[in-house]
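Open the model in a viewer and keep the selection panel at hand. The stops below are meant to be taken in order.

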Amino acid sequence: MTIKRRLIAALFLALLVTGSLLTSPANGAGGSNYAHSDGNARFLHHIHLYDAADQRIDPESTTPYSSVKTCGRCHDYNAISHGWHFNAFMQEAGKKSSTGREGEPWIWTDPRTGTQLPLSYRGGKQTFDPGDLGIDNWAMTKQFGGRLPGGPMGMAPEATEEESAEDSNEGEADAEAKGEEKTSRWPLTGSLEIDCMACHGVASSYDFNLRREHIAKENFAWAATAALHIGEVDGDVSRLKDGSDPTDEAIQKKMPKVTYDGRKFAADGTVFMDLVRAPDNNSCYQCHSQRTLDSHGIESRWTHDQDVHLRAGMKCVDCHRNGLDHHTVRGFAGEVHPSGQSMTSLSCAGCHLGTEFANHYGPAQTETDAEEGHSHSNSGEFASLDQLPGRLGSPMPGHAGLPALHFEKLSCTACHAGPIPRDEALGMMTSLAHSLGEKAHRSGAELPRIQGPVFSKGHDGKVYPHRVVWPAYWATVVDDKLQPLAPEQVYDITRRSLRVRNDFIEEILEPKLKSSDLKELLGEDRYKTDPEEYTDEEAAKVNEAVQKAGKAEFDEKVYAALKAIEKETGAGQAVYVSAGFVYAAGDEEDTVKTIEVKDTEAIDMVQWPIAHNVRPAGWALGANGCVECHQDNGKLFASTVTPTGPGPDDGEAVTMASLQGIDADQRLTWNQLFQNRASFKYVIGGSIVLLVIAIVLALGILLGRIGLKTSAPTS
């Protein structure tokens, strides 16, 4: 009887499971046709792997696994691929979607040509669209793929739908339109698909540096497999010539091959993918780290504190959340999220003070609010719980005595985020621009030359702390407009004239003096002395000689390079841009001159806001009183930033006040009022006391006269 009951129960359970499997696609969360667990516990992934041809992978396979064919079996790859991290190169998607304020541009850096060129598909100010420069998606993927999780920008055109292929191959189409022959390397490299494990793999299971190494080798399709260490990848696509046919047997022998680790496969052929639903901070740090520089180079990491939120135990994804569409919340005031949901409560003010306050002192939250002018600031009640302050246990800031004007003029981050400002903006390094996280011997002098914090107005007119960079690039002048040249094109044209092997600055602007020159400068006894042992006078002599030699070398080589560009491109004039200066060939041979251009936007400072690290309240600007900012040397207004770049000249230092459009005389008057505030209190207090005494005396005299009149005898 017991056995029969067990059989019946097992049959009933099987029917239930079968029924749930049949109905789950139609009834899944959000109507999705993909699998769901819908629980808070992470799902255990023992799964079969598939390659790009949709063939199941076993220990004897030699092809890399494909996330499209593997992860895409259960997850909506197409929906995921439109998130912020994946649409960075999607020209149409980037321009049509509301990206909000500017983010860090892709800065194409080439130390051989002194280039730091800010690029963006999203139309940021003073940035350039790669497509306009003839830079296609393959080149962008090769240059920046190590800092990309993959996706549409890294997909070979033949691997995408017709419309996506049209977008992703725009650069190649532009090249063809200009009559240039361009051989695609996509058939060799394969696609750099969305690498789900780059974010969702546990910190100890994924090798980011190995992934970057294979992308540098142009092994796009193999990078994810190598990073997971489920197999060893042998081969280097970058060594194959353009136009090589991957179907040719001789080429196939040279293509990368995977040797899978049989120990990673279970008896049923599945592989354990150790992943988490919410990415670890370590994954975020791969692309979102920063270091500060001072006059001595890279500042020691141990001297700096963590972001106050991370120190409290929070994770990046606690604030920077996303749904299935992977449109990660950026958290700035007035963010319009593609989902249509209000994101105000995940901004600084919304989280700490509530959305009523945030909407009152910030931009309207949604497109509908913006059109209708809606605001909850005077509603008297909360429309929903997510409008309450104190989200995630955040404390309510006091801001005692702080006039409301500050919330209208300053962002939260102006006082609370980024490095503590000093007399001059610091040098800064970022993961995206300087490949932080990769093993290297950095000095801090590497391009691009980024600085911060720079307190200037942001997208909403408020003052934010920013990182800034002045572009440096080679260009032609067409109809008074600067048309930058693609960095690889510049190198091909100028390598014989510049004759730079590794570093434009070291080899041209800072040439090593010959022994004969040093002997003439320092004398027979001192010319072999180690530079660290130079006296101040000797160091000054050597530096002056180096600058003089560097200027002559710059004039000679840059003149030749500009002439080579003019000859190759047929342009009437070629120029080199750095730190706001525009250099053109001089009237005499081997000379260079600076010229004025009407296209000032093309040479101006590029900025993007700093959001982290957030400092504790005691370290916020203004924590020591009003005069911390409202004095002649208050860092928020008086600190300076100097235009700098790889060229020979730096611009004039500018104050934060001038960047904010504040009149110097008005600021001086305002500061004097604050600096004498204590004295004014005593003066006003004393005046009030004297006034009260005067009033009392006057009243006494008046009452005395009235008393005399009433007591006087009548005749």
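In which sense do strand β10 and strand β11 pair, and over how many bridges? Select residues 450-457 for β10 and 463-469 for β11: in this predicted model the two strands pair in the antiparallel sense, over 5 bridges. Within the pair, S456 stands opposite Y464 of β11.

Now widen the selection to the sheet. It is open, has 6 strands with antiparallel pairing, and runs in the order β8-β7-β9-β10-β11-β17. Its edges are β8 (297-298) and β17 (606-609); each has a single partner strand, so one side of each is left without a neighbour in the sheet.

Next, go to the largest nonpolar core, which has 28 residues. Select W106, L119, M140 and Y473, the residues with the most contacts inside this core. At least two core residues come from each of β2, β3, α5 (137-144), β12, β14 (574-578) and β15 (581-585). The largest share, 3 residues, is supplied by α5.

Stay on M140 and show what surrounds this residue. Beyond residues up to four places away in sequence, M140 touches F89, W106, W108, L119, Y121, P130, I135 and G145. Another core, of 26 residues, lies apart from this one; L210, V237, V258 and Y260 are among its members.

From α5, move along the chain to P149, in the loop between α5 and α6 (162-168). Is P149 buried or exposed? P149 has a relative accessible area of 11%, and the cut-off for buried is under 20%, so P149 counts as buried. Add H85 to the selection: 64 residues separate H85 and P149 along the chain, yet their C-alpha atoms are 7.0 Å apart. With neighbours within four places in sequence left aside, the contacts of P149 are H85, F86, E193, I194, D195 and R211.

The last stop is helix α22, residues 487-498. What distance do its end C-alpha atoms span? The span is only 14 Å, whereas a straight helix of 12 residues would span 16 Å at 1.5 Å a residue. Colour P487, V490, Y491, I493, T494, S497 and L498, which are buried in α22. To see what covers the buried residues of this helix, display elements including β2 (106-110), β3 (115-119), β12 (473-478), α23 (504-509) and α25 (536-569). Of these, β2, β3 and β12 also supply residues of the largest nonpolar core. Finish on R499, which follows α22 and has a positive phi, near 55 degrees.

Definitions and conventions: Residues are numbered from 1 along each chain as its sequence is written. This is a predicted model: local features need pLDDT of at least 70, side-chain atom pairs count only at pLDDT 80 or more; totals for chains, interfaces and linings use all residues. Side-chain values use heavy atoms; hydrogens and water are left out. Helices (H or I, at least four residues) and strands (E, at least two) are DSSP runs, numbered from the N terminus. The expected span of a helix is 1.5 Å times one less than its number of residues. Buried means under 20% relative accessible area, exposed over 50%, partly exposed in between (1.4 Å probe, protein chains only). Contact means heavy atoms within 4.5 Å. Two strands pair if DSSP finds at least two bridges between them. A nonpolar core is a set of buried Ala, Val, Leu, Ile, Met, Phe, Trp, Tyr and Cys residues joined through side-chain atoms within 4.5 Å.
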